[in-house]
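Colleague: Could we walk through this one together? I'd like to see how the pieces fit before I form an opinion.

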Amino acid sequence: MTRDRAAINRLGFCGDGHVEVHARLAGRSNASGIVGINLGANKDSPDRIADYVRGIEAFADVADYFTINISSPNTPGLRDLQLGDALDELLARALAARDGEAERFGRKPVLVKIAPDLSLKELDAIVKCARARRIDG
């Protein structure tokens, strides 16, 4: 948007699945750089929070950090995970998964990607929850 001097991406998630992406990342073990894993939930998942947990468990050995992406407008209902108890449960389970893998692979930072068009009241609630759960960013 010109007014905001920003670009807004509304293309959704793309990926080849955990197995294929992990194989590519594991194959670059001698490469330099930082590997961030942008996690999202499957559109038709019966337990979207479990999708994030599985992503953390699947990539803990190759990731330098994780992003819990709950901002996609193209996944119906995904942004509901930004609200109240749903956000708290998501962060609790994601951090538990990260901590469960930390002894073997090190403690990886967890970041949260939220929608760009939230109200100040919604932002305050997200910040309060993120700080209480000690999210890294």
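**Strands, helices and the core**

Modeller: Happy to. Residue T67 stands opposite L111 in β3. Please keep in mind that this is a predicted model.

Colleague: Good place to begin. Which element holds T67, and is T67 buried or exposed?

Modeller: T67 has its place in strand β2. Its relative accessibility is 12%, and buried means under 20%. T67 therefore counts as buried.

Colleague: And which residues does T67 touch, leaving out those up to four places away in sequence?

Modeller: L111, which stands opposite T67 in β3, is one of the residues on that list. The full set that T67 touches, without residues up to four places away in sequence, is I37, N38, L39, L111 and K113.

Colleague: How many bridges join β2 to β3?

Modeller: Besides the pairing of T67 with L111, N69 stands opposite K113 in β3. The two strands run parallel. The number of bridges that join β2 to β3 is 4.

Colleague: Between those strands the chain has to cross over. What is the hand of this β-α-β crossover?

Modeller: The path leaves β2, passes through α3 and arrives at β3. This β-α-β crossover is right-handed.

Colleague: Let's turn to β1 and β2. How do they run, and what is the hand of the unit they make with α2?

Modeller: G36 stands opposite Y65 in β2. There are 4 bridges joining β1 to β2, and these strands run parallel. With α2, they make a β-α-β unit that is right-handed.

Colleague: How many of the residues of β2 are buried?

Modeller: β2 is joined by bridges to β1 and to β3. The strand is mostly covered, and the count of buried residues in β2 is 4 of 5.

Colleague: Which residues make up the uncovered face of β3?

Modeller: β3 has two faces. V110 and V112 are on the covered one. The uncovered face is made by L111 and K113.

Colleague: Now for the interior. Which element gives the most to the largest nonpolar core?

Modeller: That core has 31 residues, and those with the most contacts inside it are I37, Y52, I68 and I70. Two or more residues come from each of β1, α2, β2, α3, β3 and α4. The element that gives the most, with 6 residues, is α3.

Colleague: I68 is on that list. Which residues does I68 touch, again without those up to four places away in sequence?

Modeller: I68 is one of the residues with the most contacts inside the core. Not counting residues up to four places away in sequence, I68 touches L39, Y52, I56, L90, A94, V110, L111, V112 and K113.

Colleague: What do the buried residues of α3 pack against?

Modeller: α3 has 22 residues and reaches 31 Å between its first and last C-alpha atoms, close to the expected 32 Å. Its buried residues are L87, L90, L91, A94, L95, A97, R98 and E101. They pack against α2, β2, β3 and α4.

Colleague: Where does T75 lie, and how far apart in space are T75 and N42, C-alpha to C-alpha?

Modeller: T75 lies in the loop between β2 and α3, and with 9% relative accessibility it counts as buried. T75 and N42 are 33 residues apart in sequence. Their C-alpha to C-alpha distance is 7.9 Å.

Colleague: On to α4. How far apart are its end C-alpha atoms?

Modeller: α4 has 14 residues, which should span 20 Å at 1.5 Å a residue. The distance between its end C-alpha atoms agrees, at 20 Å.

Colleague: Why do the buried residues of α4 line one face of the helix?

Modeller: The buried residues in α4 are I126, C129 and A130. Seen down the helix axis, the buried residues of α4 line one face because they fall within an arc of 100°. On the other side, the exposed residues are L120, K121, D124, K128, R131 and A132.

Colleague: One last point. What phi does R134 take, just after α4?

Modeller: Most residues other than glycine have a negative phi. R134 is exposed, with a relative accessible area of 66%. Its phi is positive although R134 is not a glycine, and the value is about 65°.

Note on methods. Residues are numbered from 1 along each chain as its sequence is written. This is a predicted model: local features need pLDDT of at least 70, side-chain atom pairs count only at pLDDT 80 or more; totals for chains, interfaces and linings use all residues. Side-chain values use heavy atoms; hydrogens and water are left out. A nonpolar core is a set of buried Ala, Val, Leu, Ile, Met, Phe, Trp, Tyr and Cys residues joined through side-chain atoms within 4.5 Å. Buried means under 20% relative accessible area, exposed over 50%, partly exposed in between (1.4 Å probe, protein chains only). Contact means heavy atoms within 4.5 Å. The expected span of a helix is 1.5 Å times one less than its number of residues. The arc is that of the directions from the helix axis to the C-beta atoms. Two strands pair if DSSP finds at least two bridges between them. A crossover is right-handed if, with the strands pointing away from the viewer, the path from the first strand over the helix to the second runs clockwise.
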